[in-house]
Protein chains: 2
Amino acid sequence: MTVLTLGPAGTFSHELALRLYGDDIELLPTIGKIIGAVASGESDGLVPIENSEAGGVGSTLRGLQDANVFIVEEAYMPIRHHFAARCDPGDLAVIYAHPQTHEQCSGFLDRLGVGIVHTSSNAASALAMLEREDAGAVVSLSAAEIYRLPVLRRDVQNSSENVTRFVRISATPRDDAGCTRCSILVDPAANRAGLLHDLLGVFASRSINLTRIESRPSRRGMGQYVFFIDFDLAPGWEEAREDLRRMTVVKELGCYTRREVPAWT
Amino acid sequence: MTVLTLGPAGTFSHELALRLYGDDIELLPTIGKIIGAVASGESDGLVPIENSEAGGVGSTLRGLQDANVFIVEEAYMPIRHHFAARCDPGDLAVIYAHPQTHEQCSGFLDRLGVGIVHTSSNAASALAMLEREDAGAVVSLSAAEIYRLPVLRRDVQNSSENVTRFVRISATPRDDAGCTRCSILVDPAANRAGLLHDLLGVFASRSINLTRIESRPSRRGMGQYVFFIDFDLAPGWEEAREDLRRMTVVKELGCYTRREVPAWT
């Protein structure tokens, strides 16, 4: 099955899709378009969901909130950023970087002190750099190779522990068998003292480990939130989910298996 | 006292600072630079912290996590975005928009179908548009006025309820007297089943309302989070905070008063 992921060629998503799924990949320009196409059932998709430095990826979380798609696999990949330029560092007029990449490489970029222009992807940074002799870019190794960019400095990320979690999404959920984790979206709709405490109690009382909880705007007005909750598949998880359903609105985001991918060097 | 806020002239932060604090304002190019200057004690600052559509502002949350600054006031301002261009819509080659603005106006921008280039602020979008005859930009009303941009379409935001919450930050906390809300940052350092449930229990058992909880990466590695918690100042809040201190690491982010500002029309 074709897997849709984020283009142009050379994004980290593209690199991971090639390594996990081989050549049957189609590149789309935004995460929103990928999620829309996956919801229509034509293909699966691979999108980033969170980074260990920069946090949740807004457009992916919004897509999971709005569209009928399910997570069927998660994959963790170390992220290494490289600085490319075709001029001397002293002659740089501009550096192109994706906003998340800028955050993840803020130490190096602040020290350089050159103006940053944000782009829509790491591969877009590479393409923008090619248009100006006095431009630099922060790019993945695969983007540097695809677009033949001279790498002046490797590993410019703030943290050597920088990891992005990607999810494969599909129009249909997978069977729970063999899965290690599930994700749900909880919409409390109301706000009262102790509500979130009560909701989390259904997991705590069964010693089910929550591996992540992230609030996002409900988009019904300031101060109203929904919660993305990931939990380990431990005994009692189905009863916990049923208890939760009796208390609030729950959208299932799927149960899935886990893959680890080493950094590409 | 001079208040530092986000430039160039015409950002929503700048508009709000002018309305709240008058003319004694200094514009800096990034939120990181504002927070750094505030921490050094030279001035107060005004920065956005969350938007009702797009969620938390990463660079502000990271600054609160890392720097010794305190919230002393919060202000809520309705956000209205306007579409400006100097050419016919059919001749547009590019539209400049801040990534958060892009998210908040995704319906209108998707329908237009013109390529979007992200900028570092709404005012930067206005400045970028001035350099190209075939460019459009999504801007604030004040940016349109300052840079004399022709507004082709008003109110292009997805939601008429779009509100941004700003905070005034200072190197010293204010006295609790008269405050309505406090913010803390909780760093659980460990992860075990039920930990977050236990932490929230200190508020629930006293019927103290949490108005917001947002997880952010601890930046110590994937799967480790810190929690930004805002709560209403209700009886027992000081004991709740003490209980929490016995359980985990708590960074105080300040107690503050609230202001509401109508949209500028």
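These exercises, each with a worked solution, concern a predicted model.

**Exercise 1. Classify the ring pair A:F231 and A:W237, and state whether each residue is buried or exposed.**

Step 1. The ring centres of A:F231 and A:W237 are 6.1 Å apart. Rings pair if their centres lie within 6.5 Å, so this distance of 6.1 Å qualifies.

Step 2. The two planes stand at 40 degrees. Stacked requires under 30 degrees and edge-to-face over 60; the pair is therefore tilted.

Step 3. Buried means under 20% relative accessible area. A:F231, at 1%, is therefore buried, and A:W237, at 8%, is buried too.

Step 4. For context, ring pairs join A:F231 and A:W237 with A:F203 in a cluster. Over all chains, the structure has six aromatic pairs.

**Exercise 2. Find which arginine lies over the face of A:Y76, and which over the face of B:Y21.**

Step 1. In chain A, the residue over the face of A:Y76 is A:R258, at 3.9 Å from the ring centre.

Step 2. In chain B, B:R168 lies over the face of B:Y21, and here the distance to the ring centre is 4.6 Å.

Step 3. The distance cut-off for a charge over a ring is 6 Å. The value of 3.9 Å for A:R258 is within 6 Å, and so is the 4.6 Å for B:R168.

**Exercise 3. Determine how chain B is related to chain A, and describe the contact between them.**

Step 1. Two copies of a chain are related by a rotation about an axis and a shift along it. Here the rotation that superposes chain B on chain A is 180 degrees, the shift along the axis is 0.0 Å and the RMSD is 0.0 Å.

Step 2. The copies are thus related as by a two-fold rotation axis. Both use the same surface, since 100% of the contact residues of chain B recur in chain A.

Step 3. In the contact, 40 residues of chain B meet 40 residues of chain A. The two chains bury about 3200 Å² between them, and carbon and sulfur atoms account for 58% of this.

Step 4. B:H197, B:M222 and B:Y225 provide 19% of the area that chain B buries against chain A, more than any other three residues.

**Exercise 4. Locate the cis peptide bonds that precede A:P8 and B:P8, and the positive phi values of A:R219 and B:D155.**

Step 1. A:G7 and A:P8 are joined by a cis peptide bond with omega of about 5 degrees. A:P8 sits in the loop between β1 (3–6) and α1 (12–21) of chain A.

Step 2. In chain B, a cis peptide bond joins B:G7 and B:P8, with omega again about 5 degrees. The loop that holds B:P8 runs between β1 (3–6) and α1 (12–21) of chain B.

Step 3. A:R219 is not a glycine, yet its phi is positive, at about 65 degrees. This residue is in the loop between β13 (210–217) and β14 (225–232) of chain A. With a relative accessible area of 24%, A:R219 is partly exposed.

Step 4. B:D155, also a residue other than glycine, has phi near 55 degrees. Its loop lies between β10 (151–153) and β11 (163–170) of chain B, and its relative accessible area of 32% makes B:D155 partly exposed.

How values were computed:
Residues numbered from 1 in each chain as written. Chains lettered and ligands numbered in written order. Predicted model: local features only at pLDDT ≥ 70, side-chain atom pairs only at ≥ 80, totals over all residues. Heavy atoms only, no water. Buried < 20%, exposed > 50% of the residue type's maximum accessible area, 1.4 Å probe, protein only. Lys NZ or Arg CZ within 6 Å of the ring centre and 35° of its normal. Least-squares fit on C-alpha atoms with pLDDT ≥ 70 in both. Contact = heavy atoms within 4.5 Å. Buried area = accessible area lost by both parts, 1.4 Å probe. Helix = DSSP H or I, 4+ residues; strand = E, 2+ residues; numbered from the N terminus.
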